[in-house]
Amino acid sequence: MLKKTTLKFLAPAALLFAAIAAADTPFKPVIDVHHTMEWITYPAAEVIWDSAGQIIDKDGEHDLAPTTAEGWENVARNAAILAESGNLLMLPGRAAGDDWVAYSAQMVAAASKALDAAEARDANALFDAGGEVYQACVACHEKYWVKLEDRIN
Ligand code: HEC
C-alpha cells in the first residue's frame with residue numbers, strides 16, 4: 001500500500017516540476033484573442049454546429065449528422081481544435097478577469113464531449129455537446145466581449 005506520507009511528498013513535487021517545466025517552455029502567443037476567436041475558435045465550432053441536428057427546407061427534413069467516416073473525422077478534428085483553442089485562452093496574460101479561466105475550461109470540457117461524440121459517431125451526443133459549446137461561448141461573451149460601439153461610447 002502506498003503510504004499517505006509518500007503521496008503528500010509526491011503531490012507538491014509534481015506541482016513544482018510542472019511549474020518549472022511551464023516556466024522553461026518558450027511559448028510565444030502569435031495572435032491575440034480577437035484572431036483566436038475569428039480564425040480558430042469560431043470556424044471549429046461552426047463545423048460542430050453544422051453537423052448536428054436537423055434542418056427543414058422545401059424538400060423536407062434533413063439530418064445534419066455526417067454520413068461518412070471522413071465526415072465524422074472532420075467533426076472530431078474540429079472538436080479537438082476547439083478544445084485546444086480553449087487552452088489557448090488560458091495562456092498566461094490572457095485572462096481578462098477572475099472567471100475567464102473557468103469559462104475557458106467550460107469550453108474545453110464541452111468541446112471534449114463533442115470530440116468523444118464524434119469518435120463514437122453518436123449524433124445525439126454531438127447535438128447535446130454542441131449546445132454546451134454554445135453555452136460556453138455565450139457565458140464568456142456576456143461578460144467579456146465588449147462591443148466596439150460600447151468602447152467608443
Ligand atoms: C473565455 C472567454 C471566451 C470564450 C469561452 C469564447 N469567447 Fe469569443 N470572444 C471573447 C472575447 C473577449 C471577444 C472579443 C475579442 C475582441 O474582439 O477583442 C470574443 C469575440 C468573438 C468573436 C468576434 C471576433 C471578430 O471577428 O470580431 C467571435 C466570432 C467569437 N468570439 C466566437 C466564439 C465562439 C464561437 C465561442 C465558443 C465556441 C467563443 N467565442 C468562446 C471571449 C471568449
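What follows is a conversation about reading the features of this predicted model.

Colleague: Let's begin with the overall layout. How many helices and strands does the protein have?

Modeller: Counting the elements is a good way in. Here there are six helices and two strands. Along the sequence they follow the pattern α-α-β-β-α-α-α-α.

Colleague: How do the two strands pair, in the parallel or the antiparallel sense?

Modeller: Strand β1, residues 54–57, and strand β2, residues 60–63, pair in the antiparallel sense, over four bridges. They form a hairpin, with two residues between the strands. To trace the register, look at which residues face each other: I55 stands opposite H62 in β2, and D57 stands opposite G60 in β2.

Colleague: And what lies in the loop between β2 and α3?

Modeller: L64 is found in that loop. L64 has 16 other C-beta atoms within 10 Å, so it is partly exposed. Setting aside neighbours within four places in sequence, L64 is in contact with D50, S51, A52, G53, Q54 and I55. There is also a long step in sequence to look at: L64 and A123 are 59 residues apart along the chain, yet their C-alpha atoms are separated by 8.9 Å.

Colleague: How should I check the length of a helix such as α3?

Modeller: Compare the span you expect with the distance between its ends. At 1.5 Å a residue, the 21 residues of α3 should span 30 Å, and its end C-alpha atoms are 31 Å apart, which agrees.

Colleague: Which residues of α3 are buried?

Modeller: First the general idea. An α-helix has 3.6 residues a turn, so residues three or four places apart point the same way. In this model, the buried residues of α3 are W72, V75, A76, N78, A79, L82, A83, S85, G86 and L89. What covers them includes α2, α4 and α5. A80 is also in helix α3, but it counts as partly exposed because it has 17 C-beta neighbours inside 10 Å, where 20 or more would make a residue buried. The C-alpha atoms of A80 and D116 are separated by 9.7 Å, although these residues are 36 apart along the chain.

Colleague: Which residues touch the most other members of the largest nonpolar core?

Modeller: The general idea is that, in soluble globular proteins, nonpolar side chains tend to be buried together. In this case the largest nonpolar core has 24 residues, and A79, A111, A114, A118 and V133 touch the most other members. The elements giving two or more residues to this core are α2, α3, α4 and α5, with the largest share, eight residues, coming from α4. Take A114 as an example: beyond its neighbours within four places in sequence, A114 is in contact with I48, A79, L126, A129, G130 and V133. For the protein as a whole, buried residues make up 21% of the 153 residues.

Colleague: What share of the contacts links residues 24 or more positions apart?

Modeller: Among contacts in the protein with a separation of 6 or more, residues 24 or more positions apart account for 63%.

Colleague: Now the ligand. Which residues come nearest to it?

Modeller: Start with the residues around it, then ask which elements supply them. Of the 19 residues around the ligand, H34, M37, A45, C137 and C140 come nearest. The elements that give two or more residues to this shell are α2 (33–49), α4 (100–120) and α5 (123–144). With seven residues, α2 gives the most. By class, the shell has 14 nonpolar, four polar and one charged residues.

Colleague: Is D32, in the loop between α1 and α2, buried or exposed?

Modeller: D32 has 10 other C-beta atoms within 10 Å, so it is exposed. D32 and L89 are 57 residues apart in sequence and 9.5 Å apart in space, C-alpha to C-alpha.

Colleague: One last loop, between α4 and α5. What is the phi of R121?

Modeller: R121 lies in that loop. Phi of R121 is near 50 degrees, a positive value in a residue other than glycine. R121 is partly exposed because it has 15 other C-beta atoms within 10 Å.

Definitions and conventions. Residues numbered from 1 in each chain as written. Predicted model: local features only at pLDDT ≥ 70, side-chain atom pairs only at ≥ 80, totals over all residues. Near = placed C-beta within 6 Å. Nonpolar A, V, L, I, M, F, W, Y, C, P; charged D, E, K, R; others polar. Pairing = 2+ DSSP bridges. Core = buried A, V, L, I, M, F, W, Y, C linked by C-beta atoms within 7 Å. Buried ≥ 20, exposed ≤ 12 C-beta atoms within 10 Å, placed from the backbone. Contact = placed C-beta atoms within 7 Å. Expected span 1.5 Å × (residues − 1).
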